[in-house]
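Biologist: I'm new to this one, and I'd like to ask how you back up the labels you use. Can we go through it together?

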Amino acid sequence: MASRIAFLGTGLLGSGMVRHFLKAGTPVTVWNRTAAKAQALAAAGATVAASAAEAAAAADHIHFVLPDDEVVNGILDQIAPSMTRGAIVIDHSTTLPEKTKQRFERLRGRGIRFLHAPVFMSPQMAEDGVGLMLASGPKHEFDEARGELEGMTGEVWNLGERTDLAAAYKLFGNCMLFAISAGLSDVIAMARANDIDPVEAMSVFTKFQAGNVIAGRGPRMARGEVTPASFEVSMARKDVRLMIEAAKSQPLLALPAVARRMDEVIASGGGDHDLAALANTASR
C-alpha cells in the first residue's frame with residue numbers, strides 16, 4: 001500500500017518535489033505558511049490543507065522543505081498532536097548540524113520518527129526527479145522511506161545513523177558552491193577591468209577544469225600535508241597580487257580574503273609550503 005504523502009513548505013524547491021510526485025500520479029497534500037504558494041499547486045492536482053496539522057494528520061510520510069531550524073522546530077510542534085502513529089517526518093531543509101542532532105534526540109523522546117534528507121537539487125531538478133539526496137537517521141526509518149526517496153531523485157546517499165552528518169555534508173557542498181561563485185565574481189571583475197567580455201572570459205573554463213582541485217588537493221589539505229606538490233604559498237601569493245592588481249578598481253569578493261590567509265601562512269614561516277597549508281590551523 002502506497003504511503004500517504006504531505007509536503008509542508010511549497011516554495012520553489014518544495015513545489016518542484018510536489019510536481020514530481022503529481023506527474024507520477026501520486027496524491028499529495030500540501031501546506032505552506034504563505035497560502036498562495038500551496039494554492040498554486042491545486043491546479044496540478046494537489047490537495048491543499050488549511051493548516052500544517054491538517055496536512056500531517058492525513059499522511060504517513062510528512063516532507064518538510066523549510067527555511068531554517070527555528071521554522072522546522074515550530075512546525076514540528078504544530079503537527080505533533082495530529083500525526084498518525086508511525087508516521088515519519090522527512091526533513092529536506094538545510095539546517096545546522098548541532099541543532100539537527102538535538103532535534104533527533106528531542107523527537108526520539110517524544111516518540112516521533114524523523115529522517116533528515118537535504119538535497120543538492122534545483123527546483124527544476126526536483127520536478128524532473130534528478131540530483132543528489134543525502135540521508136541521515138535511524139536505519140529502520142530510512143529503509144521504510146527509501147523507495148519513495150529514490151523516486152524523488154537520481155541518487156540517495158545514505159550516510160548512516162549519525163544524525164548530524166547529512167546536515168554537515170549539505171553545508172560542505174553549499175560552501176563550495178558559494179566559494180566558486182565568489183571566485184567567478186572575481187574573474188568577471190578582472191575581465192571587465194581589462195576590457196574582456198565576461199561571457200568570453202568564461203570560455204577559459206571550457207579548457208581548464210578548475211574543479212579538479214577538489215580531488216587533487218582536497219585530500220592533501222584534509223590530511224595536513226604541506227610538502228610542495230605544485231604551488232608553494234609564496235608563489236601563489238604573487239599570483240593573487242597580480243589578480244588584485246589586474247582587477248584595478250573593480251570590487252572583489254574572494255581574492256582579498258585569500259591574500260590575507262596567505263599572508264598569515266607566510267608570516268608563520270610557511271611560504272615554502274604547498275598551497276594545502278591554507279587549511280592548517282597552526283598558523284591562524
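Modeller: Sure. Keep in mind that this is a predicted model. Let's begin with charged pairs: the structure holds 17 salt bridges.

Biologist: What makes Glu 127 and Lys 23 a salt bridge?

Modeller: Their closest N and O atoms are 2.6 Å apart. The cut-off is a Lys or Arg side-chain nitrogen within 4 Å of a carboxyl oxygen of Asp or Glu, so the pair qualifies. Glu 127 sits in helix α6 (residues 123-128) and Lys 23 in helix α1, so the contact ties together parts that are 104 residues apart in sequence.

Biologist: Why is Lys 23 called exposed?

Modeller: Its relative accessibility is 58%. Exposed means over 50%, so Lys 23 gets that label.

Biologist: How do you know that Arg 217 and Asp 274 form a salt bridge?

Modeller: There the closest N and O atoms are 3.5 Å apart, and the limit is within 4 Å, so that one counts too. Arg 217 belongs to helix α11 (residues 212-223), while Asp 274 is in the segment after α13 (255-267), so parts 57 residues apart in sequence are tied together. Both Arg 217 and Asp 274 are buried, which means under 20% relative accessible area for each.

Biologist: Which residues are linked with them in a network of salt bridges?

Modeller: The network links Arg 217, Arg 220, Arg 223, Glu 225 and Asp 274.

Biologist: And why is Asp 263 called partly exposed?

Modeller: Its relative accessible area is 36%. Buried is under 20% and exposed is over 50%, so Asp 263 falls in between. The side chain of Asp 263 also meets that of Arg 237 in a salt bridge, at 2.7 Å from N to O.

Biologist: Now the sheet. What makes β3 and β6 edge strands?

Modeller: Six strands, to spell it out, form an open sheet in the order β3-β2-β1-β4-β5-β6, with parallel pairing. β3 (47-48) and β6 (113-116) each pair on one side only, and that puts them at the edges.

Biologist: How do you know that β4 pairs with β5?

Modeller: Count the bridges: 4 of them join β4 (residues 61-64) to β5 (residues 88-91). Pairing takes at least two bridges, so these strands pair. As an example, His 61 has Ile 88 in β5 as its bridge partner.

Biologist: Where does helix α1 lie?

Modeller: Helix α1 (residues 12-23) lies across β1 (5-8) and β2 (28-31), and runs at about 160 degrees to β1.

Biologist: Which residues touch the most other members of the largest nonpolar core?

Modeller: That core has 27 residues, and the ones with the most such contacts are Phe 7, Met 17, Val 18, Val 28, Val 30 and Leu 149. The largest share, 5 residues, comes from α1. There's a second, separate core of 24 residues, including Leu 8 and Phe 104.

Biologist: What does Val 30 touch?

Modeller: Leaving out residues up to four places away in sequence, its contacts include Phe 7, Val 18, Leu 41 and Val 48.

Biologist: Last one: what is notable about the phi of Asp 195?

Modeller: Asp 195 has a positive phi of about 55 degrees although it is not a glycine. Asp 195 is in the loop between α8 (165-193) and α9 (198-201). At 77% relative accessibility, against a cut-off of over 50%, Asp 195 therefore counts as exposed.

Conventions: Residues are numbered from 1 along each chain as its sequence is written. This is a predicted model: local features need pLDDT of at least 70, side-chain atom pairs count only at pLDDT 80 or more; totals for chains, interfaces and linings use all residues. Side-chain values use heavy atoms; hydrogens and water are left out. Contact means heavy atoms within 4.5 Å. Axes are lines fitted to C-alpha atoms, for helices over the stretch in contact, and angles run from 0 to 180 degrees between N-to-C directions. Buried means under 20% relative accessible area, exposed over 50%, partly exposed in between (1.4 Å probe, protein chains only). A nonpolar core is a set of buried Ala, Val, Leu, Ile, Met, Phe, Trp, Tyr and Cys residues joined through side-chain atoms within 4.5 Å.
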